[in-house]
Amino acid sequence: MKVTVDQDRCCGAGNCVLTAPEVFDQRDEDGIVVLLDPTPAEDHHTAVRDAAAVCPAAAIALGAG
Ligand code: SF4
């Protein structure tokens, strides 16, 4: 799995951080998403898919690899 985030779309809702805190963080100053791990281990994949699904801005994209 390859994860990308679009910081221009992100509205700082933080749902991704609550759902997959090992993979996503937020910038202290404005809450915009920070990708901690673009190639998360298998045991995080379900949480990452859930995070992408709950992102209100559709700012999280998942790809193969
Ligand atoms: S859930 Fe989406 S909009 Fe919210 S912080 Fe994460 S990437 Fe940004």
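These are my notes on the ligand site and three residues, His-45, Ala-58 and Val-3, in a predicted model.

**Ligand site**

I began with the ligand and asked which residues come nearest to it. Of the 13 residues around the ligand, I noted Cys-10, Ala-13, Gly-14, Cys-16 and Cys-55 as the nearest. I then looked up where the ligand sits, and found it in the largest cavity. For the character of the shell I counted by class: 10 residues are nonpolar and 3 are polar. I found no charged residue in that shell.

**His-45**

I turned next to His-45, which belongs to helix H2, a run covering residues 45-54. Is His-45 buried or exposed? I list His-45 as buried because its relative accessibility is 11%, and the cut-off for buried is under 20%.

I checked what the polar side-chain atoms of His-45 have beside them. One of these atoms lies 2.9 Å from the backbone oxygen of Pro-40. Pro-40 also appears in the contact list of His-45, together with Met-1, when residues up to four places away in sequence are not counted.

I also took one distance from His-45. Val-34 is 11 residues from His-45 in sequence, and their C-alpha atoms are 17 Å apart in space.

**Ala-58**

I looked up Ala-58 for its backbone. Its phi is near 50°, a positive value, and the residue is not glycine. I placed Ala-58 in the loop that runs between H2 and strand E4 (60-63). I class Ala-58 as partly exposed, because its relative accessibility of 48% falls between the 20% and 50% limits.

**Val-3**

My last residue was Val-3, in strand E1, which spans residues 2-5. How accessible is Val-3, buried or exposed? Val-3 has a relative accessibility of 1%, so I entered it as buried.

I then asked which residues Val-3 touches, leaving out those up to four places away in sequence. The list reads Phe-24, Leu-35, Asp-37, Pro-38, Pro-40, Val-48, Ile-60, Ala-61 and Leu-62. I note that Pro-40 is on this list and is also touched by His-45.

Finally, I took a distance from Val-3 to Cys-16, one of the residues nearest the ligand. Val-3 and Cys-16 are 13 residues apart along the chain, with 12 Å between their C-alpha atoms.

Definitions and conventions. Residues numbered from 1 in each chain as written. Predicted model: local features only at pLDDT ≥ 70, side-chain atom pairs only at ≥ 80, totals over all residues. Heavy atoms only, no water. Near = heavy atom within 4 Å. 1 Å grid on protein atoms, 1.4 Å probe; cavity = no way out; pocket = protein on both sides within 12 Å on 5 of 7 lines; lining within 4 Å. Sits in = over half its atoms within 2 Å of the grid points. Nonpolar A, V, L, I, M, F, W, Y, C, P; charged D, E, K, R; others polar. Helix = DSSP H or I, 4+ residues; strand = E, 2+ residues; numbered from the N terminus. Buried < 20%, exposed > 50% of the residue type's maximum accessible area, 1.4 Å probe, protein only. Polar contact = N/O pair within 3.5 Å; in protein donor to acceptor, adjacent residues only side chain to side chain. Contact = heavy atoms within 4.5 Å.
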